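These are my notebook entries on a structure I went through piece by piece. I began with the ligand, went on to the empty spaces, and ended with the sheets and the backbone.

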Amino acid sequence: MAASLALPVNGHAAEADVIVIGAGAAGIAAAHELRAAGRRAIVLEARDRVGGRAFTDTALGTPYDAGAMFIHWAERNPWVQIARDLGVATSDESWGGGFRVFAGGQPMAEADRQRRRGAFGQIDRRLETVDLTKRDVSIRDLLGDLGPDLAPIASSGLLLSIGEESERISARDYQRLWAGEDLVVPSGYGHLVARHGAGLDIRLSQPVSEIRWDGPGVSVTTPSGTLRAQACIITVPVGVLKAGSIRFTPALPARTRDALDGIGMGALTKIALKVEGERFGITPGTSFLEAGSPKRLMNFDLFPEGKDLIVAFCGGDHARELSAAGPEAARDHLTTLLSSMIGSDIRKAVTGISFPAWWTDPFSRGSYSVCLPGREAAREQLAEPIGGRLFIAGEATAGGGAMTVGGATLAGRAAAAAVARIKA
Ligand SMILES: Cc1cc2nc3c(=O)[nH]c(=O)nc-3n(C[C@H](O)[C@H](O)[C@H](O)COP(=O)(O)OP(=O)(O)OC[C@H]3O[C@@H](n4cnc5c(N)ncnc54)[C@H](O)[C@@H]3O)c2cc1C
């Protein structure tokens, strides 16, 4: 066990060796790693729950994953082992009820579907042939020669994967994202992440408003008072840091602020509707895609795993508009789309809505980090230690594992390992 770092900070006894801010996947991973290294860590979490953007929502009585759902690139994802250790089942089964594409509420004509399919492969094809070593481009520029008709269709799938518009996505960053097998956690990925936090010193409902690092260690202010430690691991989402909700004294260095300027937040958004009784002749697990407008793509997972839910998801500016409009407007929009596809009785059958709008949520301010064109190095830049005592971690600093729970976990572990190397 390494010696404790709990030396006096600004003349006061330190409450912990390390303060970890945020109890999502990264913060939990950092706290476990620190404990294994013999360091005392306190985790401060703003919300009244653990898990962050891994969240199994039970507001409608039927649980579904409102944030992360897939254990991506399972071959190297630490969550496969964590689930195994906790005795939580994972599955590679998709719901398998089929997939139907609509345009304006009507089944899309076969010729249009073929055009869509042809357009979809264009991003990967170009990434294989275009030389990005000399300069980065946006995905929109990458597809520029496809023309104004096909390019939006080719990039529309990114709204549902990256959650962002193609002009705000770095092709280099997109290219380096890890790929592999996807698994799901039938009992809820969010529940699994929260369970992994059990036994750690996590203090809920403690939004951090200030981090002082002008003395020898750090002082962290929450509504319950000030805590001191030798170092701080900051795992709040990039959107929260960009919004300035946490004051740094002194201000973050120019290099860190520049890194934050290079990273945006996507707006992948899920909205769940409770649909009781009626199934409209639809096989549970079927997906419908309303693709009449490429900019306003909306996917519906209907009765996934036989649940009495329809989970809609969308991304980019359309999701931002819906988040700003709020749950009632979203419900109206979704039931209008569904009415055209399966009949107006759906309006009566919908008995509830749950809409955890990540874009407007003050503790996430978006779904996950997206590097702007030309700024793919910003992730590594953001992870550079500050003053030997502030360490920014989380999905945004996870390189090829960015945007995922697995990546956040690896980044949290890496930050904790760096802190543990500080001499006591
Ligand atoms: C709709 C959606 C779908 C997704 N799908 C997948 C998927 O299928 N697979 C996948 O791997 N990933 C997916 N992700 C991404 C994944 O959820 C995130 O990458 C991951 O959970 C991020 O973990 P983190 O620890 O970096 O950040 P977070 O989970 O956001 O944790 C940060 C914590 O900091 C807290 N916090 C914020 N501000 C403060 C403050 N001032 N003081 C104290 N605490 C604060 C937050 O409440 C939060 O708990 C999805 C995300 C969304 C939104």
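How far from an oxygen atom of the ligand does a polar side-chain atom of Arg47 lie? I looked this up in what is a predicted model, and found the polar side-chain atom of Arg47 at 2.9 Å from the ligand oxygen.

**Entry 1: the ligand**

I then turned to the backbone, where a polar atom of Glu395 is 2.9 Å from an oxygen atom of the ligand, and where a polar atom of Val405 is likewise 2.9 Å from a ligand oxygen. The ligand on its own has 1000 Å² of accessible area, and I noted that the protein covers 98% of this.

Next I listed the surroundings: the shell around the ligand holds 39 residues, of which Glu45, Arg53, Phe70, Val208 and Val405 come nearest. When I sorted this shell by class, I obtained 24 nonpolar, 11 polar and 4 charged residues. I also checked which helices take part, and recorded that α1, residues 25-36, and α15, residues 405-420, each supply at least two residues of the shell.

**Entry 2: the cavity**

How many cavities of 30 Å³ or more does the count give? I found 1 cavity of that volume or more, and the space in the largest cavity comes to about 50 Å³. Its lining includes Arg53 and Glu395, and I had already met both at the ligand, Arg53 among the residues that come nearest and Glu395 through its backbone contact distance of 2.9 Å. From the lining of the largest cavity I also wrote down Val236, Pro237, Val238 and Leu241, together with Leu382 and the run from Ile392 through Ala393, Gly394, Glu395 and Ala396 to Thr397. By class, this lining divides into 8 nonpolar, 2 polar and 2 charged residues.

**Entry 3: the second largest pocket**

I recorded about 200 Å³ of space in the second largest pocket. Leu241, which I had noted in the lining of the largest cavity, also lines this pocket, and among the other lining residues are Lys242, Phe248, Arg257 and Asp261. Both α9, residues 238-243, and α10, residues 254-261, supply at least two residues of the lining, with the largest share, 3 residues, coming from α10. The class count for the pocket lining is 6 nonpolar, 1 polar and 3 charged.

**Entry 4: the parallel sheet**

I traced an open sheet of 5 strands in the order β9-β2-β1-β13-β22, with parallel pairing. Its edge strands are β9, residues 202-203, and β22, residues 390-392, each of which pairs on one side only. Looking at one pair in detail, I found 3 bridges joining β13, residues 231-234, to β22 in a parallel arrangement, and I noted Ile392 in β22 as the bridge partner of Ile234. Ile392 is also one of the residues that line the largest cavity.

**Entry 5: the mixed sheet**

I traced another open sheet, formed by 7 strands in the order β7-β6-β17-β18-β19-β16-β20, and here the pairing is mixed. Why is one side of β7 and of β20 left without a neighbour in the sheet? β7, residues 106-107, and β20, residues 350-354, stand at the edges and each has a single partner strand, so one side of each has no neighbour there. Within this sheet I followed β16, residues 269-275, which is joined to β19, residues 309-314, by 6 bridges and runs antiparallel to that strand; Thr269 stands opposite Cys314 in β19.

**Entry 6: the backbone**

Finally I looked up two backbone details, both in loops. The peptide bond that joins Thr249 and Pro250 is cis, with omega at about -5°, and I placed Pro250 in the loop between β14, residues 247-249, and α10. Phe280, a residue other than glycine, has a positive phi near 55°, and I located Phe280 in the loop between β16 and β17, the latter spanning residues 286-290.

How values were computed. Residues are numbered from 1 along each chain as its sequence is written. This is a predicted model: local features need pLDDT of at least 70, side-chain atom pairs count only at pLDDT 80 or more; totals for chains, interfaces and linings use all residues. Side-chain values use heavy atoms; hydrogens and water are left out. A residue is near a molecule or strand if one of its heavy atoms lies within 4 Å of it. A polar contact is a pair of N or O atoms within 3.5 Å; within protein, one must be able to donate a hydrogen and the other to accept it, and residues adjacent in sequence count only if both atoms are side-chain atoms. Accessible areas come from the Shrake-Rupley method with a 1.4 Å probe; for residues, only the protein chains shown count as cover. Helices (H or I, at least four residues) and strands (E, at least two) are DSSP runs, numbered from the N terminus. Ala, Val, Leu, Ile, Met, Phe, Trp, Tyr, Cys and Pro count as nonpolar, Asp, Glu, Lys and Arg as charged, and the others, Gly among them, as polar. On a 1 Å grid over the protein atoms alone, a cavity is a set of points where a 1.4 Å probe fits but cannot get out, and a pocket is an open set with protein on both sides within 12 Å along at least five of seven lines; lining residues have an atom within 4 Å of a point. Grid points are joined across faces, edges and corners, and a volume is the space filled by probe spheres set on the points. Two strands pair if DSSP finds at least two bridges between them.
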